[in-house]
Amino acid sequence: MAGHGADEHPHGADRLCEAGDRVYSRAVRRGRVPREDAEPVPCLLDLALLHPDPDDMAWLVPTAPQEVMTRLLRGLYDEVSASQRRVGSAVAAFEWYAGLGPQRQAAAAEGGAIRVLDGLSRIQAAMDEATEACTTEVLTVQPGGIRPEHELTEGLHRALALRGRGVRMRDLYTHVARHGQGLLNYLELMGGTVQARTLDEVIDRLILFDRTVAFIPANPDRTLALELRHPALVQYLVTVFERLWRLALPLTAPLPDTGIKGISHREQSIAALLAEGHQDAVIAERLGISVRTCRAHIARLSETLGAASRTQLGVRIAQVGLDGTSRPADVAAAAGSGPPAASLTLPDQGSRTVR
């Protein structure tokens, strides 16, 4: 059946065919659909959007939309991370080959498709130049948590200059950024010129001007940057941004409900990353929160799920479906006295901290 569905329904879970959309929507509304309803759309089974009802195999139940969204975002994040590593390898190889030739060749490459910007002053000058040349659109990805006031102030002159020329801007942030008053003030100042959306996690910083030039960090402390003008590279980054934008939520829209009483959307995201085996500091950095806040959420997760240890918390996370691999169930049932269906050991709390 998998092959048949792939041949006639060549799409992913993020873009269902018309028939698949109808059947999955019906399943979500009603809680289940007869198995024969899904026969014309085997893609729903191939994509694990429908699966047999264990209580009655003649029926199919839907995978929760929140779980599907988590699965899509996780896959997209892995894809983007791998692509960033490939870009970094390509740049390193280019620089090595460029160093083999005379200095005049290196100087000629300076104005080419990839330019290394060394130092904050040079980065700011290149950004100002791109801002002055921009006429239609700016796309940005801003990782981390709540945007500091000084960061917003530093880029305000460029944003106001763009607004004055009618340039439209779209910004992607993590969900944590919703709590920053400075960001809300900035968006109010910019009016309808700027649209903002949020995700649990985003890629590293990215700024695109008119879909012709892009800026990305080249080292962890962002004192090195790459200015990219190669059309294929820039178009790839535009595609990455557009896919993230489509999955993101408008800043004013509420975060989706987890379906489990007492567990917030952020705690659901933390649980999924815990299930992947990440340390507290890594989880905090990816979600844009402090390690202390991350551990406070983990403590609340343990209390809500009735877990007395990190190992038991891993089992509870799997039982209620917070690891993204099973259907969410009632927390009380997950905390029952029977033996666990699966065992999942989580890493102990480390002592690393992030800012």
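An open sheet of eight strands, with mixed pairing, runs in the order β4-β10-β9-β8-β5-β6-β7-β11, where strands are DSSP runs of E with at least two residues and helices are runs of H or I with at least four residues, both numbered from the N terminus, and where two strands pair if DSSP finds at least two bridges between them. The model is predicted, and local features therein need pLDDT of at least 70, side-chain atom pairs count only at pLDDT 80 or more, and totals for chains, interfaces and linings use all residues. Residues are numbered from 1 along each chain as its sequence is written, and side-chain values use heavy atoms, with hydrogens and water left out. Because β4 and β11 (249-250) stand at the edges of the sheet with a single partner strand each, one side of each is left without a neighbour in the sheet. Strands β8 and β9 pair in the antiparallel sense over three bridges, and Phe-209 has Val-213 of β9 as its bridge partner.

The largest nonpolar core, a nonpolar core being a set of buried Ala, Val, Leu, Ile, Met, Phe, Trp, Tyr and Cys residues joined through side-chain atoms within 4.5 Å, holds 26 residues, of which Leu-206 and Leu-208 touch the most other members. Two or more residues are given to this core by each of α4 (65-98), β5 (137-142), β8, β9, β10 and α10 (231-247), and the largest share, eight residues, comes from α10. Leu-208, leaving aside its neighbours within four places in sequence, is in contact (heavy atoms within 4.5 Å) with residues including Val-138, Leu-139, Val-213, Leu-237 and Phe-241. Apart from this core lies another, of 25 residues, among them Leu-117, Val-167, Met-190 and Phe-215.

Helix α6 (residues 120-133) has 14 residues that should span 20 Å at 1.5 Å a residue, and its end C-alpha atoms are 20 Å apart, which agrees; the expected span is 1.5 Å times one less than the number of residues. The buried residues of α6 are Ile-123, Ala-126, Met-127, Ala-130 and Thr-131, buried meaning under 20% relative accessible area, exposed over 50% and partly exposed in between, with a 1.4 Å probe and protein chains only. Seen down the axis of α6, these buried residues fall within an arc of 140°, so they line one face of the helix, the arc being that of the directions from the helix axis to the C-beta atoms. On the other side of α6, Ser-121, Glu-132 and Ala-133 are exposed, whereas the cover over the buried residues includes β4 (114-118), α8 (156-164), β8 (206-209), β9 (213-217) and β10 (224-228).

Two loops also contain buried residues. Ala-177, in the loop between β6 (168-174) and α9 (181-190), counts as buried at 1% relative accessibility, and, leaving aside neighbours within four places in sequence, Ala-177 is in contact with Gly-145, Ile-146 and Leu-183. Asp-200 lies in the loop between β7 (194-199) and β8 and counts as buried at 16% relative accessibility; not counting residues up to four places away in sequence, Asp-200 touches Thr-174, His-175, His-265, Ser-269, Arg-286 and Leu-287.

A search of the whole structure finds zero disulfides, a disulfide being a pair of cysteine sulfur atoms within 2.5 Å. Cys-17 is in no disulfide, and the nearest cysteine sulfur, that of Cys-43, is 3.9 Å away. Cys-17 counts as buried at 18% relative accessibility, and Cys-134 is buried with a relative accessible area of 1%.
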